[in-house]
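Please look through the structure below before reading on. The report that follows moves from the confidence of the model to its interior, and then to a pocket and some single residues.

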Amino acid sequence: MATGNKTVRKNFSQTIKNVVTRKASDTVILKYLNNSRDYKMGQEQTIASDHIVIGRDSTCEVRYADKYDTVSRIHASISKQGEDWELKNLSNSNPTLINGTPVKKSWYLSSGDVIQFSFEGPKIQFSVPSPAEKKSIPWSVVIKEQVIRPYKKYVVAASVFFALVISSLAYVIVKQGQTIDEQIADIEVIKAATKKQSQVSQAGLDSIREVYEKEIDREKKANRPIGDKISPYFNDIWYIYATGVEAEFEGETEYFDNINWSGTGFLLNDGRLVTAGHVIKPWLFGVSDDDTADAFLNLLDNGVGEVKVDFIAISPDGKKISFSTNDASISRSRNSKEFEIEGNVYELKEVEWEHDWAWIQTKYKGKLSASYTTSNKLDISNKLHILGYPYSLGVSENGMTPLYSSSDVSTKGLSNGMIQLTNRNFEQGNSGGPALFEENGELKVVGIVSSGIGSSLGYLVPISKVK
């Protein structure tokens, strides 16, 4: 990942932390006396931070467009020093002025001071709200001014990306590199999707292929013609990927089409396309205690605002469905979780992993059928057959074929409401794929790929949980 993106992510994460841990003493209000990149003349920006950088660089909290050539990339900074605020000139070529007087290196600010970036450059007015005024500023307003507006090209992208880095139980979806276009036959798009698989090395992919090849060979040697039994269902194994995210916050709506991630789904004979819940809304599952970006997206989706993700699902035989989170049925079960940052407590709403399922109704009918009763009473060493698109393998310019693997049930019945596996052979990208069990000579869906622990343990959501 490019260094610039890492810097933006670091600044964004720090911004989130500053917002949720803000104090009266480290909040400032900047009034724009000229247009900036994100604010018009006369507008005010409330910033909760003890260090603010001004310039044209993408990492700056106060950013001016490139047309302001008198503003340097990194021009100046405003920092909290004890009880005072200090302005520093960071540019070697352009001066910084306070009330018309150039600042040699640094100078202390007072409320009402006018800061100018070069003699002919833009101006802002600096002020510090009193504790009483600060308390009257809702934290949601600060988020809007400090997070949504300056980082609107990054806020949802980063939130969704970090939301995928779930707890150690979580089975994380692979972030794709490019938006897949209109047709499955689009060679350039498929190439782009397979080239950027979360920085997975070619050696790693070769190792994964080797695992699958060994698994298939093992099945052949055991004289179990599983390939002949499972291949008729290949067209029911769909590749699902996100194409854009729409975020709404206090009446302001933004759409982001530069982020996507993928998972697997499967089409049942009742017309439902089933997948894992964390493929559709990853921020509802396993928000880690130190991930403020996950928490922000969770809050946004649970009443602070709204989040809608657009998806496309494609099948090996060329079927294609466009849908969004609004079209998906997902568990309504929610548990409250306190999310604490430096003494400030927020309430998140999460879904337990045993309810990690989602589905949409389609006009198509698959060949797969579910065995709801069996999914709750599997026995130790029962073999399950799994299909999916790990690391988007199986998706290429030549078409689509889901990859096969198998795992063994490790406990009798359910463990914490889930099917527990050993000898886990599924990988990132399999999430949402079906686990099939041979019952009376016929393969039936008994579970949905959900999560993994370590290198060999895995968990499935029993198909009986799907409502």
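## Confidence in the model

Over residues 138-194 the pLDDT stays under 50, and for this stretch the model has 188 contacts beyond four places in sequence. A further stretch, residues 196-201, also has a pLDDT below 50, and there the model has 14 contacts beyond near neighbours in sequence. These values matter for reading the structure, which is a predicted model.

For the protein as a whole, the average pLDDT is 79, and 73% of the residues score at least 70.

## Overall make-up

The protein has 467 residues, of which 57% count as buried, and its elements are 9 helices and 29 strands. Among the contacts with a separation of 6 or more, 64% are between residues that lie 24 or more positions apart.

## The nonpolar cores

Which residues touch the most other members of the largest nonpolar core? In this core of 62 residues, they are F266, V309, F311, F323, L368, V445 and I448. Strand 12 gives the most to this core, with 9 residues. A second, separate core has 22 residues, including Y64, A76, W85 and I115.

F323 can be followed further through its contacts: leaving aside neighbours within four places in sequence, F323 is in contact with I240, I280, V309, D310, F311, A313 and I360.

## T275 and its surroundings

T275 is found in strand 15, which covers residues 272-275. Is T275 buried or exposed? Its relative accessible area is 3%, so T275 is buried, since the cut-off for a buried residue is under 20%.

Leaving aside neighbours within four places in sequence, T275 is in contact with I240, T264, G265, I280, D356, W357, A358, S431, G432 and I448. One of these contacts, I448, is 173 residues away from T275 along the chain, yet the C-alpha atoms of the two are separated by 7.0 Å.

## The second largest pocket

The second largest pocket holds about 350 Å³ of space. It is lined by 18 residues, and the closest to its centre are K281, D301, V307, T325 and N326. Strand 12 (237-249), helix 9 (292-304), strand 16 (306-314) and strand 18 (329-330) are the elements that give two or more residues to this lining. When the lining residues are sorted by class, 8 are charged, 5 are polar and 5 are nonpolar.

Strand 16 also contains K308, which is buried because its relative accessible area is 18%, a value to be set against the cut-off of under 20%. Not counting residues up to four places away in sequence, K308 touches G244, V245, E246, S324, T325 and N326. K308 and S324 are 16 residues apart in sequence, and their C-alpha atoms are 6.7 Å apart in space.

E246 leads on to another strand residue, F256, since the C-alpha atoms of F256 and E246 are separated by 6.3 Å while the two residues are 10 apart along the chain. F256 is found in strand 13, residues 252-256, and with a relative accessible area of 4% F256 is buried.

## Residues in loops

Three loop residues can be considered in turn. S288 lies in the loop between helix 8 (277-280) and helix 9, and S288 counts as buried because its relative accessibility is 19%. Leaving aside neighbours within four places in sequence, S288 is in contact with D294, K337 and F339.

S381 is placed in the loop between strand 21 (358-361) and strand 22 (383-388), and its phi is near 80°, a positive value in a residue other than glycine. Y391 lies in the loop between strand 22 and strand 23 (395-396), and Y391 too is not a glycine but has a positive phi, of about 55°. Which of the labels, buried or exposed, belongs to S381, and which belongs to Y391? S381 is exposed, with a relative accessible area of 53%, whereas Y391 counts as buried at 11% relative accessibility.

Note on methods:
Residues numbered from 1 in each chain as written. Predicted model: local features only at pLDDT ≥ 70, side-chain atom pairs only at ≥ 80, totals over all residues. Heavy atoms only, no water. 1 Å grid on protein atoms, 1.4 Å probe; cavity = no way out; pocket = protein on both sides within 12 Å on 5 of 7 lines; lining within 4 Å. Points joined across faces, edges and corners; volume = space filled by probe spheres on them. Helix = DSSP H or I, 4+ residues; strand = E, 2+ residues; numbered from the N terminus. Nonpolar A, V, L, I, M, F, W, Y, C, P; charged D, E, K, R; others polar. Core = buried A, V, L, I, M, F, W, Y, C linked by side-chain atoms within 4.5 Å. Buried < 20%, exposed > 50% of the residue type's maximum accessible area, 1.4 Å probe, protein only. Contact = heavy atoms within 4.5 Å. pLDDT = per-residue confidence, 0-100.
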